[in-house]
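Please bring up the sequence and the 3D view side by side, and keep them both at hand as you read.

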Amino acid sequence: MVSIKDLSLACGVSTATVSKALNNHKDVSEETKERIRKMARDMGYVPNFASKVLKTNRTYNIGVVFSDEAGSGLTHDYFAMVLNGLKCTIEEKGYDFTFVNKNGSISTWDNGVTYLEHCKFRRFDGVAVICTDFYSPEIIELIESDIPIVTFDYIFNDRSAVVSDNVRGIRDLVHYVYEMGHRRIAYIHGTDSAVTRNRISSFYKTCEELGIDVPPEYMREAPYRDTTATYLRTKELLELKERPTCIMFPDDFAYIGGFNAITLAGLKVPDDISTVGYDGIEISKYLEPSLTTLAQDGYRLGQETANKLISIIEHPKTSLVEHIFIEGKIFPGRSVKKLTT
């Protein structure tokens, strides 16, 4: 096996210069770096990872807790964008990552070992908690440990978090619908979670500020990405004596069930009833009519999560606890009809 010493002899430089060149240090010229890198490629040099681990006391491996209730795993449109942003950034920084999931559909394990015990056994440098039950005692134990952690879409006061600004997202959607002349707005929201509670609170608060009355029967619940449940809840709303002029759905994918309910009732979007989604997944742009939605920047959310976690790992003494909010953007679509008020 070719060693750094072999490279130093072949290049006529010190082992320290070879090491700095291979690690892209600034105090080695670009010309020297390229010459050493070319020699390393030609000689078939492979870095000694075990030596790097011993020297830095890091494994360069990050744990990713991801366990969505729907069991859709990496096929989940929104989380796929988030995880892609996370993956690309982690790899750019020279780290690997491993999914940590007891009961989901990705890589599973459950032998009586807790999340914290598993993460310590794997010697993760840090953990990104992307999707899970944040109220689980095991997750809380992990969050309260001494492992560097960043949470996603859930805030613990003493941990850094990256959050999609759900409060502003719902507010922007309600304002958009209001400006299009709608006053009878129903909301099929997701099942209980921190994200759902923030969205519901924002919906009520925005409606109150705009003077919109929200009858209890206009508020319905359906799990995220559950087209069957949204079909049934939409059907119930359409059967009301005074049905809404606009229905907001928990997410773009779940909207498909609502669209089917509207179509089977002999109604058209947006001529007879307007619709609004959430997430901005690709399919929403190709529906007919295209869905009005709040497009979340999933890739950037993943990037920011990875960047913050690696900053904590590499600069533990200077990295501040931060709650980073990332705003989404309205995609107008053609599913909301302009009403005259």
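What follows is a walk from the N terminus to the sheet and then into the nonpolar cores.

Keep in mind along the way that this is a predicted model. Let's begin with helix 1, which spans residues 4-11. Which of its residues are buried? They are Leu7, Ser8 and Cys11. These residues cover an arc of only 100 degrees around the axis, so they sit on the same side of helix 1. Turn to the other side of helix 1 and you will find Lys5 and Leu9, which are exposed. The buried residues have helical company: they pack against helix 2 (15-22) and helix 3 (30-43). Right after helix 1 comes Gly12, with a positive phi near 70 degrees.

Now move along to the sheet. It is an open sheet of four strands, and reading across it gives the order 7-6-8-9, with parallel pairing. Which strands are at the edges? Strand 7 (219-221) and strand 9 (274-276) are the edge strands, each pairing on one side only. From one strand to the next, the twist averages 20 degrees. As background, the strands of a sheet pair through hydrogen bonds of the backbone, and the pairing can be parallel or antiparallel. For a closer look, try strand 8 and strand 9, which run parallel and are joined by three bridges. Met248 has Val276 of strand 9 as its bridge partner. Helix 10 packs on the sheet, where it touches strand 6, strand 7 and strand 8. The direction of helix 10 makes about 155 degrees with that of strand 6.

Met248 and Val276 also lead us to the next stop, the largest nonpolar core, which has 36 residues. Both belong to the group with the most contacts inside this core, together with Ile170, Val174, Tyr187, Phe203 and Ile247. Where do the core residues come from? Helix 8 (166-179), strand 6 (185-189), helix 9 (194-210), helix 10 (227-238), strand 8 (246-248) and helix 11 (252-264) each supply at least two. Helix 8 gives the largest share, with five residues.

Phe203 is a good place to pause and look around. Not counting residues up to four places away in sequence, Phe203 touches Ile170, Val174, Ile185, Tyr187, Val214, Met219 and Met248. Apart from this core lies another one, of 26 residues, and Leu86, Tyr95, Ile130 and Val150 are among them.

Definitions and conventions: Residues are numbered from 1 along each chain as its sequence is written. This is a predicted model: local features need pLDDT of at least 70, side-chain atom pairs count only at pLDDT 80 or more; totals for chains, interfaces and linings use all residues. Side-chain values use heavy atoms; hydrogens and water are left out. A nonpolar core is a set of buried Ala, Val, Leu, Ile, Met, Phe, Trp, Tyr and Cys residues joined through side-chain atoms within 4.5 Å. Buried means under 20% relative accessible area, exposed over 50%, partly exposed in between (1.4 Å probe, protein chains only). Contact means heavy atoms within 4.5 Å. Two strands pair if DSSP finds at least two bridges between them. Axes are lines fitted to C-alpha atoms, for helices over the stretch in contact, and angles run from 0 to 180 degrees between N-to-C directions. The arc is that of the directions from the helix axis to the C-beta atoms.
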